[in-house]
Amino acid sequence: EAVRYGMLHGYKHIDMSPRYMNEEEIGAIAFDAFKDPASGLRRSDFYLASKLWNTDHQPSRVSPALTKTLTDLRLDYLDLWYMHWPVPLIPGHDNPGNIAHDDTVTLEQTWRAMEVEYRRGRVRALAVSNFNVEQLQKLLAFAEVKPVANQVELHPYLPQGRLVNFCRQHGIAVVAYCPIGSPGNAAHNREDVTPLIKHPDIVTTALSLSYTPAQTILRWALQKGIRVIPKSVTPSRISENLQALTLPNLTAAHMQTIDAVRTTPPTRYCMAAHYMKPGTTPLQFWGDDGGDPLP
């Protein structure tokens with residue numbers, strides 16, 4: 001229902017993944033909306049993105065994985081297809097407590113298989129998610145089809161300046177998940193820091209503008225050139241988040257205030273510790289701490 005509400009109220013980009021286990025339901029909602037003339041919604045008006053899951057990195061699994069996504073979504077093509085993580089896993093071993101890495105497949109092998117689907121026209125563009133600078137450098141060294149985007153956690157507590165600068169230098173758009181932190185997600189709960197939307201400086205800035213704290217944070221990111229994909233199932237918040245696109249810009253002073261709320265050390269909500277091999281530190285896994293200021 002949240003997806004249908006968003007589609008009917010102005011959202012054009014829907015971000016999906018087999019891991020979210022809702023593609024079949026979203027496909028039914030979108031298909032019904034697209035075939036209903038009264039809805040006024042057309043497939044060509046939407047930018048639909050999904051992802052290749054970690055257990056499908058073996059080249060022989062890439063095409064079947066995309067076929068299942070397209071079948072579940074009732075689509076002929078995706079506008080954007082991400083590699084969800086640079087972490088190949090053995091099928092059936094992708095849940096915390098039961099993780100098994102697949103060291104028999106390389107990043108290049110998986111990407112080559114994704115490029116085949118791009119050339120077949122089943123995806124209009126390729127992208128990556130949760131890649132650090134070093135992983136992007138490795139990918140760019142062999143990719144014939146360059147990634148158009150890198151979807152990563154990014155917000156004022158985790159500005160990702162080094163990564164964003166690298167992406168800009170190579171024409172890769174940065175898409176922020178958890179752009180307002182991760183309120184309401186028990187799996188990402190961080191009791192050691194103030195929730196972003198309750199940070200006193202953000203609340204004060206929002207009140208001075210008659211914006212919500214979430215709108216204020218989203219405007220900060222948008223003015224930095226970051227694409228944002230906030231998540232909500234509440235209709236009023238879905239609408240409020242979309243309004244951030246058209247609200248007047250924050251002033252330079254407002255932007256500096258929000259820049260200054262970053263934490264030391266930086267706060268990462270999606271730590272993904274279960275994907276780290278034994279002996280790997282978070283700094284090694286993520287490439288850097290993500291704390292460099294966002295230009």
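## Exercises on a predicted chain

Residues 24 or more positions apart make up 73% of the chain's contacts (heavy atoms within 4.5 Å) with a separation of 6 or more. Before you start: this is a predicted model, where local features need pLDDT of at least 70, side-chain atom pairs count only at pLDDT 80 or more, and totals for chains, interfaces and linings use all residues. Numbering runs from 1 along each chain as its sequence is written, and side-chain values use heavy atoms, with hydrogens and water left out.

**Exercise 1.** Work out whether the radius of gyration of the chain agrees with that of a compact globule.

*Solution.*
- Step 1: take the radius over C-alpha atoms, and get the globule value as 2.2 Å times the number of residues to the power 0.38.
- Step 2: put in 295 residues, and the rule lands near 19 Å; the chain has 19 Å, so the two agree.
- Step 3: for the extents, put a box along the principal axes; the C-alpha atoms fill roughly 55 × 55 × 35 Å.
- Step 4: add burial, and 49% of the 295 residues count as buried (under 20% relative accessible area; exposed is over 50%, partly exposed in between; 1.4 Å probe, protein chains only).

**Exercise 2.** Place R43 and find what its side chain reaches.

*Solution.*
- Step 1: find R43 in the loop between α2 (23-35) and β2 (47-52). Helices (H or I, at least four residues) and strands (E, at least two) are DSSP runs, numbered from the N terminus.
- Step 2: check the accessibility; R43 counts as buried because its relative value is 15%.
- Step 3: look at where the side chain goes. It reaches the backbone oxygen of F46 at 3.0 Å and that of Y77 at 3.2 Å.
- Step 4: skip the neighbours within four places in sequence, and R43 is in contact with F34, L48, L75, Y77, L78 and D79.

**Exercise 3.** Track down M21 and A272, which have positive phi without being glycine, and decide for each: buried or exposed?

*Solution.*
- Step 1: start with M21, whose phi is about 55°, in the loop between β1 (13-15) and α2.
- Step 2: M21 has a relative accessible area of 71%, so call it exposed.
- Step 3: go on to A272, with phi near 60°, in the loop between α10 and α11.
- Step 4: A272 comes out at 7% relative accessible area, so that residue is buried.

**Exercise 4.** Which peptide bond from T264 is cis?

*Solution.*
- Step 1: check omega from T264 to P265; the angle is near 0°, and the bond is cis.
- Step 2: place P265 in the loop between α10 (252-259) and α11 (282-286).

Definitions and conventions. Polar contact = N/O pair within 3.5 Å; in protein donor to acceptor, adjacent residues only side chain to side chain.
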